[in-house]
Amino acid sequence: MADLSPPLPGICENSEEALFSDPVDSPVEWDNIVVDGLEAYRQYVTPLNQVGYETDSERDALVDIQPKGFFLRPPPLPHELDTHMTPDAQLFQTIHMGAAVVDPNQWRLIVDGMVLHPFMLNLRQLQSMPRTSITTFHECYGSPLLPPTRAVRRVGNVRWTGVRLRTLLQMARPQRSASYVWSEGLDGGIFADVWADRYQKDLPLEKAIAPEVLLAFEINGAPLDKERGGPVRLVVPGWYGTNSTKWISHISLQDKRATGPYTTLFYNEIDPADPDGQQRRPVWKVEPNSIIVRPRPGATFASGHTITVIGRAWACEEIVQVEISTDGGNSWCNAQLTPRREFEWQLFQQRVVLSRGGLYTITARATDKCGQQQPLSNRRNLVSTVSISVAEGDEV
């Protein structure tokens, strides 16, 4: 019969031996793209003053919304996310109002608002521009209708290819008073009994001009399909997926936040740093989070057996420490951790030895370079756990 007394802390093995290999992806070249003026890239865009642009005419590329309404495809369980790169077929899907069916031959992107040089471009023009790729985790915040107290961990790790948003913004030349970049998708409909004729989000200008933010048209080397937001979507590494507008058709520079329901009604939360619990903040930066991939839930080991704990950690800022506990957080030991090169999730690994039989919960806690740490409870990014059994040597 298993001993159900409180578990003893595991012994963490220290070894110079590398427990894992670095990912094979090459890092992004963070070179600056210098745009001296609109003339430098005139071949890629069409100035709006040269065409008879009518407001919202870019939405003519929308053929249908099919299927209509909210759709969620959850990701695999953590122990099934055992590869560094997540295939598109395993990556979660969250669609609020339905999937936009877009005619790629009619697709246009408008860049206007508080800029000196508003312009439009088609898919061919966009794909002819200098492109870049970045490997990044991609995480869903979870339902904006529920308090952020339950772990969701809809996450994957993919490689996006596209054109840096800042290249287009530099061509448009934002006015000094512009401070936000609004993005609009071609989808529209009802979510949570709220009607919106388009999905509209915003980014602070300082994030929008960051070199990692892309107008993407490929995922893992393949064109974006309808459900993934194709032909073109916004990708904002380090920020929750709600900010990465799918089926994008319009970018507008403004001096205030966007006014649609997805910035005013949905995706704002109580700031956990506010002691009064009153101040709200946008759902932007991803907080430290982790999953345990091995051991699998419910696994059984013999006492004295070396157990290798493997997992992945991620956040907007680089994770610099992952700690492992086997005794309910009374003691912790540091896991080996791969450094981050782009925005990919980071592999961690640690060997522990449990010397007495019983039921154990292995806990992983990640901390980013700013000192922000996964909480132990009552938060959407609370520490990750897995429960296992340890039997006396001859009982396995």
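This passage describes the fold, the nonpolar cores, the open and enclosed spaces and the backbone exceptions of a predicted model. Residues are numbered from 1 along each chain as its sequence is written, and side-chain values use heavy atoms, with hydrogens and water left out. Because the model is predicted, local features need pLDDT of at least 70 and side-chain atom pairs count only at pLDDT 80 or more, whereas totals for chains, interfaces and linings use all residues.

The chain contains 4 helices and 29 strands (DSSP runs numbered from the N terminus, helices being H or I of at least four residues and strands E of at least two). Of its 396 residues, 54% are buried, where buried means under 20% relative accessible area, exposed means over 50%, and partly exposed lies in between (1.4 Å probe, protein chains only). Among contacts (heavy atoms within 4.5 Å) between residues at least 6 apart in sequence, 76% join residues at least 24 apart. About 17,300 Å² of the chain is exposed, and carbon and sulfur atoms supply 50% of that area, as given by the Shrake-Rupley method with a 1.4 Å probe, only the protein chains shown counting as cover for residues.

A nonpolar core is a set of buried Ala, Val, Leu, Ile, Met, Phe, Trp, Tyr and Cys residues joined through side-chain atoms within 4.5 Å. The largest such core comprises 44 residues, and Leu109, Leu215, Ile251 and Leu253 have the most contacts inside it. Two or more residues are given to this core by each of strands S6 (98-102), S7 (108-113), S8 (119-122), S15 (214-219) and S18 (248-254), and by each of helices H1 (123-128), H2 (165-172) and H3 (205-208). Helix H2 provides the largest share, with 5 residues. Leu215, neighbours within four places in sequence being left aside, is in contact with residues including Leu109, Leu165, Leu168, Val232, Ile248 and Ile251. Apart from this core lies another, of 21 residues, among them Ile292, Phe301, Ala313 and Ala335.

Phe217 is located in strand S15 and is buried, with a relative accessible area of 3%. Residues up to four places away in sequence not being counted, Phe217 touches a set that includes Leu126, Arg131, Val163, Leu224 and Pro231. The C-alpha atoms of Phe217 and Leu123, which are 94 residues apart along the chain, are separated by 9.2 Å.

Open and enclosed spaces were located on a 1 Å grid over the protein atoms alone: a cavity is a set of points where a 1.4 Å probe fits but cannot get out, a pocket is an open set with protein on both sides within 12 Å along at least five of seven lines, and lining residues have an atom within 4 Å of a point. Grid points are joined across faces, edges and corners, and a volume is the space filled by probe spheres set on the points. The largest pocket holds about 320 Å³, and of its 15 lining residues Arg281, Pro282, Trp284, Lys285 and Val286 are the closest to its centre. This lining divides into 8 nonpolar, 1 polar and 6 charged residues, with Ala, Val, Leu, Ile, Met, Phe, Trp, Tyr, Cys and Pro counted as nonpolar, Asp, Glu, Lys and Arg as charged, and the others, Gly among them, as polar. The second largest pocket, of about 260 Å³, is lined by 16 residues, of which 11 are nonpolar, 3 polar and 2 charged; strand S29 (384-391) gives the most to this lining, with 3 residues.

The whole structure contains 3 cavities of 30 Å³ or more. The largest cavity, of about 230 Å³, is lined by 21 residues, with Thr94, Arg233, Gly241, Thr242 and Lys246 nearest its centre, and its lining comprises 7 nonpolar, 8 polar and 6 charged residues. The second largest cavity encloses about 50 Å³, and strand S9 supplies the largest share of its lining, 4 residues.

Most residues other than glycine have a negative phi, and most peptide bonds are trans. A cis peptide bond nevertheless joins Gly230 and Pro231, with omega about 15 degrees, and another cis bond joins Arg294 and Pro295, with omega about 5 degrees. Trp247 has a positive phi, near 50 degrees, and is buried at 1% relative accessibility, whereas Asn378, with a positive phi of about 60 degrees, is exposed at 58%.
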